[in-house]
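Let's take a walk through this fold together. Keep the 3D view open and turn it as you read.

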Amino acid sequence: MPPHDATAPTPADAIVARFAAAIADPALPPPTDAIVARGDLASRFAVYRNNAWVARLGVLDDLFPVSRRLVGDEAFRAIGRRFFLSDPPIGPVAQEWADPFADRLGASDVAEVWPWLVDMVRLEAAWMRAHHAGEAAPIALADCAAIAPEALMRHGLRLHPSLSLTASAFPIGSIWAAHQGVGEPAPLATEGPETVLVARPDAEVIVVVVTSADAAFVAALMLGESLGAAADAALDVAADFDLGDRLTALFRLGVVIGIA
C-alpha cells in the first residue's frame, strides 16, 4: 500500500475551496454540492455571502474611518469591493490588510479621481501599524550627558519601532486632525504638502505634522545615519535647522529608545 500523503487535497478540501471562491466572487454560483438544512440553496447562500461581504467591508470601514468619511460610504465600499475581488488579502489578521489596501489603491484609477486619498489611506495604515507595534521604553535626553558632544554627533539614535513618516503633496495631517471630532469637521488651517510623523511611544498613537527639515532629519536617523549626517540632511532642506531644539523635541515625543 502506498504511503498516505497528508498534504494531498481531499474531496472535502475541494468543496471548501469552491465554497470560499463563491463567497468571495458574487459572479460565481453557489457550489452545487453544498447542503442546507432548510430553504433553497440559492437564497440561503446569498444571505451567507452577503453577511461575509458586510463583515469584510466593515473591517475596511474600521481601518480607514477618515478615508471613508472623505469619499462617502457608498464610494468607499465600492473601492473595497474592487480590492477584495481583484487582490484579496491572504492573512486572517484584519490589521494586516491595511498596507496591501493602500498599495492596491495607489496602483488603481482611484488615484486619478481622488489623488489625496492614497496618501490618507497610507497615513491611516501607518496609524494602524503604530497601534499594534511592539513596546519599547524611551530614554531621556539626559541619558546622553555622558557622551561628549563631538562624539555624540558620530552616534545614531535608535527610534521607537512604531515610528513612521508619511509624506504627501496634500495636507493629509491637517485633514486627518480635522476629522477626529464629532460632527462636522473643522475648517482646514493649511494647504499644500505635509509630512506626518506617527508613533505610539505610550498608550496612545501620536500624529504630528513635521516640517520638511524635521522629516529629512528623522528619515536619516531611521536609515541608521549618525546625528551629524542627519543634521546635514536637514540643513540641506532648511539652513535655519536648529539641531539642539529639534533633538530636544524628538526626545520630548518619547520616540528615542537608545543610542546607536
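How many of the 15 residues of α7 are buried? Eleven of them, so to speak of α7 as mostly covered is fair; buried means under 20% relative accessible area, exposed over 50% and partly exposed in between, with a 1.4 Å probe and protein chains only. Among the buried ones are Leu117, Met120, Val121 and Glu124. Before going on, note that this is a predicted model, where local features need pLDDT of at least 70, side-chain atom pairs count only at pLDDT 80 or more, and totals for chains, interfaces and linings use all residues. Residues are numbered from 1 along each chain as its sequence is written, and side-chain values use heavy atoms, leaving out hydrogens and water.

Now find helix α5 (residues 98–106) beside helix α7 (residues 117–131): their axes come within 9 Å and cross at roughly 170°. Axes are lines fitted to C-alpha atoms, for helices over the stretch in contact, with angles from 0 to 180 degrees between N-to-C directions. That crossing makes α5 roughly antiparallel to α7, a label for angles over 145 degrees. Phe101 and Leu105 of α5 are among the residues making the contact, as are Leu117 and Val121 of α7; contact means heavy atoms within 4.5 Å.

Leu117 and Val121 turn up again around Ser67, which touches them along with Phe76, Met120 and Glu124, not counting residues up to four places away in sequence. Ser67 sits in helix α3 (residues 65–71); helices are DSSP runs of H or I, at least four residues, numbered from the N terminus. Why does Ser67 count as buried? Because its relative accessibility is 0%.

Conventions:
Helix = DSSP H or I, 4+ residues; strand = E, 2+ residues; numbered from the N terminus. Parallel < 35°, antiparallel > 145°, perpendicular 65-115°, else oblique.
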